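Reader: I have not looked at this structure before. Could you take me through a few of its parts, one at a time?

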Amino acid sequence: MTAAALSHKFKDLNIDISLVESDHIGTVGVGEATLPHIRFFNQALGIDEATFMKSTEATFKLGIEFCDWGRKGDHYIHPFGDYGVPIDELDFHQFWLKLRKAGGTHRLSDYSYPILAAEQGRFRIPEGDLNEIGSNFGYAYQFDAGLYAKFLRTFSEANGVRRVEGRAVEVGIDGESGNISSIKLEDGHVIEADLFVDCSGFRGLLIEQELKTGYDDWSHWLPCNRAVAVPCESRGELRPYTRATARTAGWQWRIPLQHRTGNGHVYWNEFISDDEATHQLMSTLDGPALAEPKQLFFKTGRRKKFWNRNVVSIGLSAGFLEPLESTSIHLIQEGITTLIELFPRDGVNPLDINEYNARMGLNFERVRDFLLLHYVATQRDDSEMWRYFQAMELPDSLQEKLSAWNARGYVLQYEFGVFLPPSWVAVMHGQNLIPEGHDPRVDRYSIADIEARLEQIRLDTVREVETTPTQVDFLRRHGAASGSPLVSAGKM
Amino acid sequence: MTTRSKTIIICGGGLAGSLATLSLSLSLGSEYHIVQVGGINARHEDHLYGGATDPGSYNFLLRLGLDEPTLMLRSATSFSFGTHFRQWLDGRSWMQCHHAPLPTPSGIPLRHYLTRENAGLEPLLISAQAALAGKFAHPPADPRSVLASAEYGYQFDADEWVALLDRKIGETSARRINAEIRSIIHESATRSVVNLDTGEPLEADLVVDASGLSRYPIEAAGGTFRTSRSIGFSLSKTPSDALGPPCRTIDADETGWKATTHLQNARHTLRVSEAGMASDEAAAHTAALGHLVEAWVGNCVAIGHAASVFEPLTPAPMMMLQRDIERLLELIPTHADPGIERREFNRRFRNDVEHVAIFHGALITIDSAPETEYWRAAREQTASGKLDRKLAQFSNRGLLTSFDLEPFNEEDWTIAHWGMGRRPHQHNRQVDGVSDTQSQSELGQIRNSVQQLVTKMPPHHLYVGKLKQYLEKQNYA
Ligand SMILES: Cc1cc2nc3c(=O)[nH]c(=O)nc-3n(C[C@H](O)[C@H](O)[C@H](O)COP(=O)(O)OP(=O)(O)OC[C@H]3O[C@@H](n4cnc5c(N)ncnc54)[C@H](O)[C@@H]3O)c2cc1C
């Protein structure tokens with residue numbers, strides 16, 4: 001992604017970009033679900049959506065279904081979009097809260113176009129007035145990350161990026177500045193550069209192994225430290241959402257692509273063995289596994305400096321936050337956008353480094369709080385892991401958010417950070433935190449008035465969903481990959 | 001606080017008190033008794049609001065039933081494209097205009113092109129050029145029009161607005177008492193008794209301190225006002241039939257500055273100087289600049305000048321007042337213990353205060369400001385880590401560092417930096433991919449279309465005159 005974006009943005013400049021990767025080492029091989037922002041990344045690169053969908057076996061994503069998080073047996077969808085529409089500039093959910101107390105029976109989800117569409121396997125691209133029901137949502141993709149990497153590699157090479165295959169075994173340091181001056185590959189080939197972007201994954205080849213930048217360990221907040229991943233055959237209907245199911249010592253993902261379904265179990269090895277975690281995963285697949293399960297190890301946290309000297313770490317080398325809300329690729333994108341804005345001219349300026357580190361630090365922190373929310377906004381205490389979270393002392397920022405929500409359905413406001421108030425509403429409400437009070441301004445409306453307004457919004461939403469094609473139909477016209485089992489399974 | 005009825009007492013009969021009273025009465029249901037106790041604040045203090053608003057005031061006032069026809073027909077309100085710093089420090093002069101997001105040719109922010117071309121920003125800003133030429137027209141909805149990127153607020157007379165608000169309050173169920181407050185006893189975090197000079201004791205669940213500089217209610221609740229500097233101010237009103245330009249004009253001198261507001265029937269000149277300096281105007285008043293450490297203490301919430309006092313160099317005082325009220329409306333307590341609301345209100349208040357302070361700091365931070373008492377004191381107030389970061393990043397490469405929910409947006413900052421003569425040392429590398437010829441031609445095109453449009457726009461006074469005729473014909477009056 002970094003090579004593609006830099007080569008596109010700076011294609012008219014005298015900047016040589018080399019992409020060094022080792023076929024022998026390979027990539028982490030997971031990372032399939034994304035956030036809506038990925039569309040802007042592709043658009044900025046001028047990538048045609050249908051071509052991209054086809055090349056990466058992508059499906060559309062309207063949100064994430066969370067199963068068993070609040071209580072066992074529960075499920076809710078965190079949509080990319082709002083609930084209802086604001087009424088006289090007041091948040092819709094406040095009216096819903098009041099009506100619910102007066103006996104209203106409809107779910108908050110019944111007023112969300114993306115949730116209803118997701119539940120019914122439907123999809124279309126939002127068009128028209130983005131404040132209107134049926135258009136006030138976003139969407140992302142679920143794709144084969146390996147194919148996306150290949151797609152972008154081809155794109156980068158067409159933009160003049162020099163791809164070098166080989167394993168970096170040695171790093172050259174400039175004696176005077178302490179900056180990295182070169183990397184040497186196994187075959188003796190030396191690559192010199194002014195700036196290095198470390199996208200070497202968890203190992204942090206340059207940022208950590210060489211520069212010893214250090215890591216802020218956040219595992220006391222997010223202690224899951226392992227995952228086992230396996231693809232399986234697609235079965236049943238193709239759903240336009242990712243699923244995250246809570247387990248006793250972690251959670252399991254299910255990401256439907258056109259040609260297969262990605263699965264994984266993220267867990268805390270303190271409370272479950274690798275074998276048991278693998279067993280749990282393999283026994284709950286939709287269809288036959290398509291590969292051997294792959295084991296992954298990680299530690300939640302962030303590099304102390306994302307940008308250190310002339311090395312910018314992007315991707316897993318910068319830090320790791322579990323993929324519960326599909327944020328890693330988004331953080332990569334944020335890193336790239338910020339790097340482009342701060343791209344050095346004559347050597348690296350400490351001011352640029354400070355700004356980059358401050359911005360990315362904020363991004364990571366705000367994602368961390370949101371992920372932690374899922375583990376602590378719960379009634380579950382049926383295993384050691386859930387009891388650990390029940391006893392946890394939360395970061396002040398998160399504690400305050402929970403208190404304000406529980407008291408009156410108010411979401412603390414911040415401008416920056418990827419998750420906006422509707423996301424917080426989705427998770428807190430979805431995990432059974434029903435506020436005690438509501439915004440008193442809603443009390444100037446009578447129950448009958450609220451009931452009538454909400455019913456109108458609900459019916460409008462249902463009507464919009466009914467006119468929406470199924471995802472499969474939509475894909476057939478827009479980005480179906482040739483030969484995908486989904487497409488050939490009699491649905492075309 | 002949701003079952004039995006509640007009483008909210010607003011202390012203050014000025015602009016803050018009346019805006020808050022009307023906002024609360026219109027926003028809350030019948031189980032809230034809204035009581036406004038007037039008489040506590042001196043009217044001249046409202047002059048410190050500066051007589052100018054930012055574009056956010058349009059919707060704010062509309063929600064209160066004060067639409068533009070009412071403002072134009074029933075008061076001397078006029079339009080404002082911003083503030084013209086006509087004679088500012090070190091001879092600087094620019095139009096600090098309100099503007100929609102600036103163009104981004106080839107996806108790159110305009111300021112980077114300007115840096116490379118060493119070009120001026122002002123000729124590219126329609127609201128700046130129109131204001132400087134004394135012209136005004138409403139920005140159309142069609143985004144293709146150059147004028148669509150102009151944004152405007154109002155120039156107003158605070159006394160007139162209070163009168164308009166009071167009439168509106170009269171149409172609500174709010175009770176108004178014209179009395180002096182003798183004492184306030186904050187009995188608990190949820191109950192206060194306000195004793196009036198009429199002998200009437202009023203019980204309140206929540207007290208809103210809109211008492212201006214007196215700050216009696218919030219101080220009685222334990223609030224602390226932090227100040228390090230005082231200013232003297234006075235307002236003179238000169239009747240005038242000729243409506244001036246759609247902007248305020250500010251001129252600085254050794255001892256302070258003065259702002260001229262151009263209304264339909266008068267020119268108001270606000271003079272701000274060092275506290276205690278003899279003024280050539282009739283009555284000079286004093287105000288301590290600063291802010292409460294916490295604007296919500298116990299069950300008392302301070303708004304407007306009771307909470308923070310900024311020099312009205314920009315529409316910041318009105319922006320703060322509006323934010324104070326909006327924050328309060330969003331956080332009317334629902335529980336016996338308003339701790340959550342209080343903490344959140346104070347968190348946002350502190351951020352707002354800090355962000356206004358750094359914007360004003362950016363207008364004062366200059367090496368060559370006069371070495372007089374007034375400007376030395378002004379400069380000493382500007383120290384802030386956030387401002388340092390903003391200034392350093394802008395000077396380095398034209399980067400606009402932003403913080404959560406700042407009242408002044410990227411356009412405001414860009415225009416202020418340019419106006420203050422700050423230029424980035426280098427431009428963003430992306431601009432290197434666009435040829436000089438291409439960027440000069442893009443800039444030239446914007447400049448030309450702005451210029452052409454301004455020549456066609458009507459003078460402010462004619463526009464307002466025609467608008468009023470039209471509104472009268474439509475029976476708006
Ligand atoms: C269990 C799990 C699930 C995830 N799910 C999601 C998800 O759903 N959504 C999401 O957004 N993100 C997800 N992620 C994160 C996502 O996978 C990564 O952010 C993304 O794949 C980027 O990884 P990377 O390029 O940083 O590292 P890698 O994929 O590890 O790539 C490292 C690259 O560096 C090269 N390299 C390393 N060392 C050398 C060397 N010495 N010499 C030469 N080349 C070298 C490798 O060959 C490889 O090309 C998940 C991560 C994990 C662990």
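Reader: Which residue has a polar backbone atom 3.0 Å from an oxygen atom of the ligand?
Author: The model is a predicted one. In it, an oxygen atom of the ligand lies 3.0 Å from a polar backbone atom, which falls within the 3.5 Å limit for a polar contact. The residue that supplies this backbone atom is A:Ser22.

Reader: How much of the ligand does the protein bury?
Author: On its own, the ligand exposes 990 Å². Of that area, the protein buries 91%.

Reader: What distance separates a backbone N or O atom of A:Ala33 from a nitrogen atom of the ligand?
Author: A polar backbone atom of A:Val30 is 3.0 Å from an oxygen atom of the ligand. For A:Ala33, the ligand atom is a nitrogen, and the distance is 2.7 Å.

Reader: Which helix of chain A gives the most residues to the shell around the ligand?
Author: The ligand is surrounded by 30 residues, and A:Val28, A:Ala33, A:Ala168, A:Leu316 and A:Ile329 are the closest. The helix with the most residues in this shell contributes 3 and spans residues 328–341 of chain A. That is helix H9.

Reader: Why do strands S11 and S20 of chain A each have one side without a neighbour in the sheet?
Author: The open sheet has 3 strands in the order S11-S17-S20 of chain A, paired in the antiparallel sense. Strand S11 (215–217) and strand S20 (319–320) each have a single partner strand, so one side of each is left without a neighbour; both stand at the edges.

Reader: Which residue of S17(A) stands opposite A:Tyr215?
Author: S11(A) pairs with strand S17, residues 301–303 of chain A, over 3 bridges. In S17(A), the residue opposite A:Tyr215 is A:Arg303.

Reader: Is A:Arg302 buried or exposed?
Author: A:Arg302 belongs to strand S17 of chain A. Beyond its neighbours within four places in sequence, its contacts include A:Tyr215, A:Trp218, A:Ala318 and A:Phe364. Its relative accessible area is 11%, which is under the 20% limit, so A:Arg302 is buried.

Reader: How far apart in space are A:Arg302 and A:Ala318, C-alpha to C-alpha?
Author: The side chain of A:Arg302 reaches the backbone oxygen of A:Lys304 at 2.9 Å. A:Ala318 is 16 residues away from A:Arg302 in sequence, and the C-alpha to C-alpha distance in space is 6.0 Å.

Reader: Which helix gives the largest share of the largest nonpolar core?
Author: This core has 148 residues, and those touching the most other members are B:Ile8, B:Leu15, B:Leu19, B:Leu24, B:Trp88 and B:Trp257. The largest share is 10 residues, from residues 339–364 of chain B, that is, helix H9.

Reader: How many residues are in the other core that lies apart from it?
Author: B:Leu24, in the largest core, touches residues including B:Ile8, B:Val208 and B:Ile332. Apart from that core lies another, with A:Tyr83, A:Leu394, A:Tyr445 and B:Leu399 among its members, and its size is 128 residues.

Reader: Is A:Glu57 buried or exposed?
Author: Most residues other than glycine have a negative phi. A:Glu57 has a positive phi, near 55 degrees, and sits in the loop between helix H3 (49–56) and strand S2 (59–61) of chain A. Its relative accessibility is 12%, so A:Glu57 counts as buried.

Technical notes
Residues numbered from 1 in each chain as written. Chains lettered and ligands numbered in written order. Predicted model: local features only at pLDDT ≥ 70, side-chain atom pairs only at ≥ 80, totals over all residues. Heavy atoms only, no water. Pairing = 2+ DSSP bridges. Helix = DSSP H or I, 4+ residues; strand = E, 2+ residues; numbered from the N terminus. Core = buried A, V, L, I, M, F, W, Y, C linked by side-chain atoms within 4.5 Å. Buried < 20%, exposed > 50% of the residue type's maximum accessible area, 1.4 Å probe, protein only. Contact = heavy atoms within 4.5 Å. Polar contact = N/O pair within 3.5 Å; in protein donor to acceptor, adjacent residues only side chain to side chain. Near = heavy atom within 4 Å. Areas by Shrake-Rupley, 256 points an atom, 1.4 Å probe, with all protein chains shown as cover.
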